[in-house]
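User: I would like to learn how to read a fold from a model. Can you take me through one, feature by feature?

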Amino acid sequence: MLNTRNLARRGTRSGRTRPGAVAGLTIAGLVTGSILLGGGMFIAGCSAGSSSGAASSVAVPAKEAAPASGAAGAAPRAAASSASSAQGAGTTARLAPASSIIYTAQLTVRTADVSAAAAQAGRIAGGAGGYVSGETMSADPDHPSKATASVELKIPVASYQATLGQLAHGLGTQLALQQQAQDVTQRVADVNSQVASAQAAIAQLRSLLSHAGSVGDLLSVQNQINSEEASLESMQAQQRALSHQTSYATVTLTLLGPKAKPAVHRQKPPPSLAGGFGAGWHALRVTVSWTLAFLGAIAPFAAILAVAGYAAYRGRRWLARRKPAAQGASPES
């Protein structure tokens, strides 16, 4: 009877051990779907082994303990593998390059006071973290209502749309708005790659410089280093320029007085047969006009030269007739 109780206690202890493995498999199943399926199969096997072990003998729990320990050992490996793959996916997502876009806009606003509106535009850009990169103003003291101004603003991309709305509606009446977005992601990636390659090449050349033996080798390696450094500085300048262009949007603000006329930008029509004929006719007219102008310019000189040439010709003819007559008169005398 004592042995039976001991066996029951042992069966109970082994039953307590197997749920721990089941819990481990359940946690691993939360990491990946495949481990969840294996954990379900293992739960069913452990339940059957637990009932037979408590009713008959210790041999059944001993046999079930081996698969339980093997599965419990496999669960951490599977969980580690799943965590490693998840970490790799997260690293790939972090290393994925973000889009680099250059934003530009042209805004035309009619306002009552051009000078005050230009100053307010500068304050709006400064409040958003930007600045005024250029400003031109044209005003006639006799006609102040026809004053115009052109202000170029640099605005951080994060506040570009909000600041553009303030400029369009806070300075006066919006007349025109054009926006452009240029994707330079590939260009930025190429420049960054060239900078990294040049830096690696310079590092390798510096390591070779320390092992160079002769003076000729030292000079050759140093010349290569100087050439690579000059190329690196040029690429770093491009890198800084692209970084600034993608970090700040450019807004060209045109301010017009109450009676100022906006500049009309007409788009050229596509080429056509009528357009080509018109262009050819215009070229012919221009050619004939220049030819006639050239002839008119040289006509006075040509007339003088013609008169001088005719006089010279008549003089020679007169001298030619005078000479035989003089020779014939001399023998008679």
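User: In what order do the strands of the open sheet lie, and what is the pairing?

Analyst: This is a predicted model, so treat every value as computed from that prediction. The five strands of the open sheet are ordered β2-β3-β5-β1-β4, and the pairing is mixed. At the edges sit β2 (131-140) and β4 (173-183), each paired on one side only. From one strand to the next the twist averages 10°.

User: Which helix packs on the sheet?

Analyst: Helix α7 (residues 215-247) does. It touches β1 (101-110), β2, β3 and β5. The direction of α7 makes about 60° with that of β5.

User: What is the overall pattern of helices and strands along the chain?

Analyst: Read along the sequence, it is α-α-α-β-α-β-β-α-β-α-α-β-α. That pattern holds eight helices and five strands.

User: How does β5 run relative to β3 and β1, parallel or antiparallel?

Analyst: Take the two pairings in turn. β3 (residues 143-156) and β5 (residues 248-256) run antiparallel, joined by nine bridges. One partnership links proline 156 with tyrosine 248 of β5. β1 and β5 run parallel, with seven bridges between them. Here leucine 107 has leucine 253 of β5 as its bridge partner.

User: And where do side chains point along a strand?

Analyst: In a regular strand, side chains alternate between the two faces of the sheet.

User: Which residues have the most contacts inside the largest nonpolar core?

Analyst: They are Leu107, Leu153, Leu167, Leu171, Val251, Leu253 and Leu255, in a core of 23 residues. Next, ask which elements supply the core. β1, α4 (114-127), β3, α5 and β5 each give two or more residues. The largest share, six residues, comes from α4.

User: What does leucine 171 touch, leaving aside its neighbours within four places in sequence?

Analyst: Leucine 171 is in contact with Val109, Thr111, Ala117, Gln120, Ala121, Ile124, Gln166, Leu253 and Leu255. Apart from the largest core lies another, of ten residues, including Val188, Ile202, Leu232 and Leu242.

User: How do I describe two packed helices?

Analyst: Use the angle between their axes and the distance between the axes. Try α4 and α5 as a case. Their axes come within 10 Å and cross at roughly 160°. Angles over 145 degrees count as roughly antiparallel, so α4 and α5 are roughly antiparallel to each other. α4 passes α5 in a right-handed crossing. On the α4 side the contact is made by Gln120, Ala121 and Ile124. On the α5 side it is made by Thr163, Gln166, Leu167 and Gly170.

User: At what angle do the axes of helix α6 and α7 cross?

Analyst: Roughly 155°, with the axes of α6 (residues 185-211) and α7 coming within 9 Å. These two helices are therefore roughly antiparallel to each other. Their crossing is left-handed.

User: Now single residues. Is leucine 242 buried or exposed?

Analyst: Compare its relative accessibility with the cut-off: buried means under 20%. Leucine 242 has 4%, so it counts as buried. It lies in helix α7. Beyond its neighbours within four places in sequence, leucine 242 contacts Arg187, Val188 and Val191. The C-alpha atoms of leucine 242 and valine 184 are separated by 8.4 Å, though these residues are 58 apart along the chain.

User: Where is tyrosine 160 found?

Analyst: In helix α5 (residues 160-170). Tyrosine 160 has a relative accessible area of 2%, so it is buried.

User: Which residues does tyrosine 160 touch, not counting those up to four places away in sequence?

Analyst: Tyr103, Thr104, Ala105, Ile155, Gln179, Ala249 and Val251. Look at one of them in space and in sequence. Alanine 249 is 89 residues from tyrosine 160 along the chain, yet their C-alpha atoms are separated by 6.6 Å.

User: What share of the contacts with a separation of 6 or more joins residues 24 or more positions apart?

Analyst: In this chain, 76%.

User: And how much of the chain counts as buried?

Analyst: Of the 333 residues, 21%.

Notes: Residues numbered from 1 in each chain as written. Predicted model: local features only at pLDDT ≥ 70, side-chain atom pairs only at ≥ 80, totals over all residues. Heavy atoms only, no water. Pairing = 2+ DSSP bridges. Helix = DSSP H or I, 4+ residues; strand = E, 2+ residues; numbered from the N terminus. Axes fitted to C-alpha atoms, helices over the stretch in contact; angles between N-to-C directions. Contact = heavy atoms within 4.5 Å. Buried < 20%, exposed > 50% of the residue type's maximum accessible area, 1.4 Å probe, protein only. Core = buried A, V, L, I, M, F, W, Y, C linked by side-chain atoms within 4.5 Å. Parallel < 35°, antiparallel > 145°, perpendicular 65-115°, else oblique. Left-handed = near helix turned anticlockwise from the far one by under 90°.
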